[in-house]
Amino acid sequence: GIEGKVLSIGSSDDRDGEGRHYRDYFLSASEYVTSEVSAGFGADLVLDVQSMPEIEDEGFQAVFCSGVLEHILDFYAAIQEIQRILSPGGVLLLGLPFRQGIHHAPTDYWRFTEYGIRHMLKNRFEILDFAKIGKTEPDFPVAYWCKAKRVS
């Protein structure tokens with residue numbers, strides 16, 4: 001399991017859609033911190049993943065970020081900030097849509113291909129696991145799930 005301090009970005013109410021909480025997946029973590037871009041969600045922190053000066057360099061051993069970057073105007077800045085706050089060898093758990101309906105309009109900006117994700121993480125992260133989610137049609141998944149390790 002994931003150990004150390006975990007930051008969940010874009011946590012909302014931390015529910016996984018199946019009646020559980022995401023924190024339940026991180027039982028080995030020493031600390032699990034939730035965050036959201038605005039108040040009102042009951043998250044531990046209010047922060048913008050594109051710029052997180054309130055988070056110290058290398059302050060977390062893992063970042064969980066699923067269903068967030070499609071809503072961020074500058075997702076490269078977000079990846080750079082995630083890299084900054086992760087300790088060396090820290091783990092990024094990243095979920096991104098490819099063939100998913102518009103949601104949270106009008107702030108649903110992007111869809112990601114496997115190649116775009118690999119390019120975005122290049123030189124910053126080593127991809128440990130990469131999965132296609134919802135593969136009802138070949139090469140046309142609903143989303144991607146990526147586990148990566150900070151390398152620089």
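**A tour of two helices, two pockets and two backbone details**

In this predicted model, begin by selecting helices α1 and α2, where α1 passes α2 in a right-handed crossing. The residues to show as sticks are F75, Y76 and I79 on the α1 side and H119, M120 and L121 on the α2 side, since these make the contact. Coloured by class, this contact of α1 with α2 shows five nonpolar residues and one polar residue, with no charged residue taking part.

Now display the two helices as ribbons, taking residues 75-85 for α1 and residues 114-121 for α2; their axes lie 10 Å apart and the helices pack at an angle of about 50°. An angle between 35 and 65 degrees falls outside both the roughly parallel and the roughly perpendicular ranges, and α1 and α2 are therefore oblique to each other.

Next, select G10, S66, G67, V68 and H71, which lie nearest the centre of the largest pocket, and then extend the view to its lining of 38 residues. This pocket has a volume of about 920 Å³. Strands that each supply at least two residues of its lining are β1 (4-9), β2 (29-36), β4 (60-66), β5 (86-97) and β7 (143-150). By class, the lining of the largest pocket is made up of 18 nonpolar, 14 polar and six charged residues.

From there, turn to the second largest pocket by selecting D16, E18, Y22, Y25, F26, F64, L93 and W145, which line it. Its volume is about 200 Å³, and its lining comprises six nonpolar and two charged residues, with no polar ones.

The last two stops concern the backbone. Most residues other than glycine have a negative phi, and most peptide bonds are trans. With that in mind, select A105 and P106, where the peptide bond from A105 to P106 is cis, with omega near 5°; to find P106, follow the loop between β5 and α2. Finally, move to the loop between β3 (45-46) and β4, where E58 is found, and inspect its backbone, for E58 has a positive phi of about 55° although it is not a glycine.

Methods
Residues numbered from 1 in each chain as written. Predicted model: local features only at pLDDT ≥ 70, side-chain atom pairs only at ≥ 80, totals over all residues. Heavy atoms only, no water. Axes fitted to C-alpha atoms, helices over the stretch in contact; angles between N-to-C directions. Helix = DSSP H or I, 4+ residues; strand = E, 2+ residues; numbered from the N terminus. Parallel < 35°, antiparallel > 145°, perpendicular 65-115°, else oblique. Left-handed = near helix turned anticlockwise from the far one by under 90°. Contact = heavy atoms within 4.5 Å. Nonpolar A, V, L, I, M, F, W, Y, C, P; charged D, E, K, R; others polar. 1 Å grid on protein atoms, 1.4 Å probe; cavity = no way out; pocket = protein on both sides within 12 Å on 5 of 7 lines; lining within 4 Å. Points joined across faces, edges and corners; volume = space filled by probe spheres on them.
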